[in-house]
Amino acid sequence: MTQGEVLLLKLGEVVLKGQNRRSFEDKLVANVRHRLKTCDGSFEVCIRQSTIYVEQVADGCDMEEAVRRCRQVFGVVSVVRAHPCDKEVSAIVECAKTYLAPNFAAAKSFKVESKRADKQFPMNSIQLSIAVGGDLADAFPHVAVDVHNPALTVEVEIREKAAYVHAPALPGAGGLPVGMGGKAVSLLSGGIDSPVSSWMMARRGVQLEMVHFESPPYTSQMAQDKVIALAQALTPYCGPMTIQIVPFTGIQEEIRRQCPEEYFTIIMRRFMMRIAQKIAYRCKAKALITGESLGQVASQTMHAMVATDDVTTMPVLRPVIGMDKVEIIKISQEIGTFETSILPYEDCCTVFTPRHPSTKPKLENIRKAEEAMDIDALVREAVENVKLVKVRP
């Protein structure tokens, strides 16, 4: 039995899956292994009793970094940094005294909570907590026992191969393993909303392919670099991804020449959806993802969304549709995209912005306004000239 520190990764809703639960667990284990592959040290990852074990193969593993990475893996609801010992009260007490000595030094009160995954262990959870807690109270007389509101909770888990001692778990990312929810194309701008919506769908197990629209010379290389940085910030959660960068200048200039000004933004969005759907078919994705929030801007009214969805046959997923800006900003700060999103580099959505955009466009008027353009040729040319940028954690 290894005597090194171990990570116990607890599963969330994965355990509620029925006959296909094994496929979710296998995918989650594979995702954890992939995230730890470039972490300093060597780790063995396996699953037993609905818990993923991350064990050090040799000394010198960067456990702090391993904890950070595991907490970002979708499907992991919490991460426990624990120490194994023999399944005997004396061994558990000695392990707690040594492993949690810094915790006891900082605490004024404690209690012990025990769980028995191994039902062959001769003591029940309450008996074990009393026995271990009594010995620890003797070992640390300056720390009071408080079973209601302790400063430190000593966790003891009796499992198949060993007992594990640890302090309370750290929260994980939750959700479902990336790759179990199919693939979707996410329209990634340089703003706050689209990275959040991408993260939210990845949290439901969706593998992401990104599409970004550039409009040089109206948008700069710095704007493109900003989008790549946003995608990079998402990769610890979402895994490696490809950004398909679409040249959009010609389409926007054609819209300006041929269409009424109040429809510029709506028609631009319709072209984006057409192109994104073509790319989705090409990469075998099943849906599109946008960062639209109902009523936030003129192109995100109910009427405007009807007009943009008119050109697609794929489902359009809008995970932030019912959220306000404060809620979206809070998530962006938590996942680390906010500071990049607010950098002052314009994206193509701000090019040729109408002075008085239509908030309640009639679909028949939008279709008529587009008749002057060769839509198929414009879409085909844009798709044929896509640039690919690969980003990894």
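**Entry 1: M323**

I started at M323, which touches M200, S293, I328 and I331 once residues up to four places away in sequence are left out. This is a predicted model, so I am reading every value as computed from predicted coordinates. I then looked up where M323 sits: the loop between β14 (316-317) and α11 (325-335). Is M323 buried or exposed? Its relative accessibility is 17%, so M323 counts as buried. I also checked a distance to Q296, which is 27 residues away along the chain. The C-alpha atoms of M323 and Q296 are separated by 9.6 Å.

**Entry 2: the whole chain**

Next I stepped back for the overall numbers. I find 14 helices and 15 strands in the chain. Along the principal axes, the C-alpha atoms fill a box of roughly 85 × 40 × 35 Å. The chain has 393 residues, and 53% of them are buried. I looked at contacts between residues at least 6 apart in sequence, and 79% of these join residues at least 24 apart.

For the surface, I noted about 18,200 Å² exposed, with carbon and sulfur atoms supplying 52% of it. I noted charges too: 47 positive and 46 negative side chains, with the centres of the two sets 4 Å apart.

**Entry 3: the nonpolar cores**

Which residues touch the most other members of the largest nonpolar core? They are F213, F248, I255, I267, F271 and I275, in a core of 41 residues. Several elements give two or more residues to this core, among them β10 (183-187), β11 (207-214), α8 (249-258) and α9 (264-282). Further along the chain, α10 (302-309), α13 (363-370) and α14 (375-384) are also on that list. The element that gives the most is α9, with 11 residues.

I picked F271 for a look at its neighbours. Leaving out residues up to four places away in sequence, F271 touches F248, I251, I255, M373, I375, L378 and V379. Of these, F248 and I255 are also among the residues I listed above for touching the most other core members.

There is a second, separate core of 30 residues, and I noted V178, A202, C238 and I243 as being included in it. A reminder to myself: in soluble globular proteins, nonpolar side chains tend to be buried together.

**Entry 4: cysteines**

How many disulfides does the structure hold? I count 0. I wanted to know why C61 is unpaired, and the distance answers that: the closest cysteine sulfur, in C39, is 7.7 Å away, too far for a bond. C61 is buried, with a relative accessible area of 12%.

C95 is in no disulfide either, and the nearest cysteine sulfur, that of C85, is 4.3 Å away. The cut-off I need here is 2.5 Å between the sulfur atoms. C95 is also buried, at a relative accessible area of 9%.

**Entry 5: backbone oddments**

Last, I went through the backbone angles. The peptide bond from P216 to P217 is cis, with omega near 5°. I placed P217 in the loop between β11 and α7 (221-238).

Which positive phi values did I note in residues other than glycine? Q49 has phi near 50°, and S50 has phi of about 60°. Q49 is in the loop between β2 (43-48) and β3 (51-56), and S50 is in the loop between β2 and β3 as well. Q49 counts as partly exposed at 35% relative accessibility, and S50 is partly exposed with a relative accessible area of 29%.

Notes. Residues numbered from 1 in each chain as written. Predicted model: local features only at pLDDT ≥ 70, side-chain atom pairs only at ≥ 80, totals over all residues. Heavy atoms only, no water. Helix = DSSP H or I, 4+ residues; strand = E, 2+ residues; numbered from the N terminus. Buried < 20%, exposed > 50% of the residue type's maximum accessible area, 1.4 Å probe, protein only. Contact = heavy atoms within 4.5 Å. Areas by Shrake-Rupley, 256 points an atom, 1.4 Å probe, with all protein chains shown as cover. Lys, Arg positive; Asp, Glu negative; His and termini not counted. Charge placed at Lys NZ, Arg CZ, Asp CG, Glu CD. Core = buried A, V, L, I, M, F, W, Y, C linked by side-chain atoms within 4.5 Å.
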